[in-house]
Amino acid sequence: MMRDFEGKNGVMQFGGMSTVDIAEEFGTPVYVTDENIVRESYRRVYNAFSRFMDTEIHYACKANTNLAILTILEQEGSHIDAVSIGEVLTCLKAGFTPDRILYTGVNVSRDELRQVVDTGCRINVDSEGELEKLADILGDRCKGFPLSFRITPGVASGHGTKVMTGGKGAKFGVPYDRVMDAYARAKELGFDIKGIHAHTGSGGNTVDPFIDVVEVLIDFANRLRDELDIHLEFIDFGGGLGVPYKPQEEECDVEDLGATITDMILEETDVKKVCLEPGRYLVCDSTILLASVTDVKDAGTKLYVGTDIGFNTLIRPAFYDSYHHVALANKFNKACTAKYDVVGPICESGDYIAHDRILPDPQEGDLLVVYNAGAYGFSMSSTYNSRPKCKEVLVKDGKAELIRDAETMENIWRHQIVPERLRR
Ligand SMILES: Cc1ncc(COP(=O)(O)O)c(C=O)c1O
């Protein structure tokens with residue numbers, strides 16, 4: 001079931017606070033994260049696996065790179081899945097040591113790879129070309145340099161085609177039929193081969209795709225041992241653990257997942273460590289997005305609720321057709337009146353947050369809440385239509401703190417240059 005929250009005197013409560021009070025103090029739009037939920041989610045998934053075997057949770061920080069949230073996960077003992085030098089540097093800034101960061105790029109430039117090497121973090125190689133580039137950069141330092149490969153497992157899953165990454169022919173990973181050759185080449189170059197990694201996609205609520213991908217990884221781990229005398233330290237089966245976005249949607253059963261996957265690895269291989277890379281699972285339902293109703297329009301064939309959030313603030317509905325539950329936080333659990341499309345201030349007809357939602361008589365000034373906004377929410381936001389990015393707030397046990405201030409027009413203009421000759 002989707003995580004829902006209490007109402008008190010008709011007002012939605014979040015993190016021990018009234019959402020109306022939060023909106024009054026910080027304004028809208030604002031992303032609000034409950035610290036306790038982030039910590040609970042981390043512990044739930046970590047315990048589900050570590051009960052059985054040595055486990056590393058690599059938080060896929062692309063989901064949410066706010067420094068305060070990274071700091072919370074650093075305190076919990078998380079590791080990091082980083083996909084860019086920017087993410088690596090952000091995680092170092094948040095206090096992660098390089099050995100707790102595994103960098104997995106795709107189509108990585110030589111320059112970026114050199115910068116990543118300089119940070120000292122671990123590297124998961126995505127292609128044969130990247131391996132050769134890395135070897136060039138390292139020279140003699142290849143000997144004993146820890147390395148793993150991302151492979152294309154031929155298993156795809158996810159909430160939509162844009163987030164399915166593991167299918168045959170995908171742009172990610174070393175293609176299935178060349179995996180053994182890639183490992184043989186890495187061995188020849190003298191690398192210290194530590195593991196194997198795959199990611200099938202994002203947002204699945206069932207255990208099956210994870211079982212399928214782990215079967216593939218187990219098969220390779222055993223072939224690497226038998227054919228190349230390579231003994232892997234870890235199997236990393238990626239992220240993608242889903243979170244219910246709809247009220248009645250089923251949850252991903254992480255207890256079952258932990259028991260099943262660790263049993264497979266322990267029974268069928270000599271590998272002693274399992275790694276997984278949840279992004280969404282750790283941060284998605286920890287966060288709501290609060291917005292103001294700015295206008296209500298009867299367009300004849302449709303009723304619209306206009307708000308101060310569009311796809312600049314939350315792109316998932318427009319980009320992936322994703323469902324986000326919405327409600328009026330100041331008329332919480334009030335009887336609903338009619339069906340509305342919830343839309344934003346962006347000048348595009350594709351700018352929407354939710355279609356056909358029954359809401360309780362929305363009026364200008366009402367407070368709209370968007371659920372499950374913590375993953376790929378702020379981190380995918382933009383300044384399109386010259387709208388500065390919004391604030392982020394952290395709540396814990398009834399107290400709220402600003403963890404990102406709103407941008408201003410200065411942020412938008414700062415790096416632009418009008419050539420002198422154009423100036424009068
Ligand atoms: C390689 C890799 N690992 C982990 C993730 C995290 O996925 P999720 O947030 O669905 O757990 C992604 C998402 O794109 C990914 O590409």
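**Figure 1. A small open sheet of 3 strands runs in the order β1-β2-β3, with antiparallel pairing.** Keep in mind throughout that this is a predicted model. At the edges sit β1 (7–8) and β3 (17–18), each of which pairs on one side only. Look between β2 (residues 11–14) and β3 and you'll find 2 bridges, with the strands running antiparallel. One residue pair to pick out here is phenylalanine 14 with its bridge partner in β3, methionine 17. As a reminder, strands of a sheet pair through backbone hydrogen bonds, either parallel or antiparallel.

**Figure 2. Asparagine 9 sits in the loop between β1 and β2.** What is the phi of asparagine 9 near? The value is near 50°, so we have a positive phi in a residue other than glycine. That's worth a glance, as most residues other than glycine have a negative phi. Is asparagine 9 buried or exposed? Asparagine 9 counts as exposed because it has just 8 C-beta neighbours inside 10 Å, and the cut-off for exposed is 12 or fewer.

**Figure 3. A cis peptide bond joins threonine 28 and proline 29.** Omega for this bond is about -5°. For context, most peptide bonds are trans. Proline 29 belongs to the loop that links α1 (19–26) and β4, so follow the chain onward and β4 is the next element to look at in the following view.

**Figure 4. Strand β4 (residues 30–34) is largely enclosed by the rest of the structure, because 5 of its 5 residues are buried.** Val30, Val32 and Asp34 point one way from the strand, while Tyr31 and Thr33 point the other way, and all are buried. What does β4 pair with? With β14 (residues 287–298), β4 shares 4 bridges and runs antiparallel; one pair to find is valine 32 with isoleucine 288. With β20, β4 pairs in the parallel sense over 5 bridges, and threonine 33 stands opposite leucine 394 there.

**Figure 5. Serine 386 lies in the loop between β19 (367–370) and β20.** Like the loop residue of Figure 2, serine 386 has a positive phi in a residue other than glycine, here near 55°. Serine 386 is exposed because only 9 other C-beta atoms lie within 10 Å.

**Figure 6. Domain 1 (7–33 + 284–413) meets domain 2 (35–283), as given by the domain assignment of the protein.** Taken over C-alpha atoms, the centres of the two domains are 32 Å apart. How many residues does each domain bring to the contact? Domain 1 supplies 22 residues and domain 2 supplies 23 residues. On the domain 1 side, the elements giving two or more residues are β20 (391–396) and β21 (399–404), and β20 gives the most, with 3 residues. By type, the domain 1 side splits into 8 nonpolar, 9 polar and 5 charged residues.

**Figure 7. Strand β11 (residues 192–197) pairs with both β9 and β12.** On one hand, 5 bridges join β11 to β9 (residues 146–152), and the two run parallel; serine 148 has glycine 195 as its bridge partner in β11. On the other hand, β11 and β12 (residues 234–236) pair over 3 bridges, again in the parallel sense, and histidine 197 stands opposite aspartate 236 in β12. To get from β11 to β12 the chain goes through helix α8 (residues 208–228), making a right-handed β-α-β crossover.

**Figure 8. The ligand is surrounded by 18 residues.** The closest are Ala60, Ser202, Gly239, Gly279 and Arg280. What is the make-up of the shell around the ligand? The shell holds 6 nonpolar, 9 polar and 3 charged residues.

**Figure 9. Alanine 60, one of the residues closest to the ligand, lies in strand β5 (residues 54–60).** Is alanine 60 buried or exposed? Alanine 60 is buried, because 28 other C-beta atoms lie within 10 Å, and the cut-off for buried is 20 or more. Leaving out residues up to four places away in sequence, alanine 60 touches Asp81, Gly239, Glu277, Pro278 and Gly279. For a sense of scale, alanine 60 and isoleucine 315 are 255 residues apart in sequence and 19 Å apart in space, C-alpha to C-alpha.

Conventions
Residues numbered from 1 in each chain as written. Predicted model: local features only at pLDDT ≥ 70, side-chain atom pairs only at ≥ 80, totals over all residues. Near = placed C-beta within 6 Å. Nonpolar A, V, L, I, M, F, W, Y, C, P; charged D, E, K, R; others polar. Contact = placed C-beta atoms within 7 Å. Pairing = 2+ DSSP bridges. Right-handed = clockwise from strand over helix to strand, strands pointing away. Domains from an automatic or database assignment.
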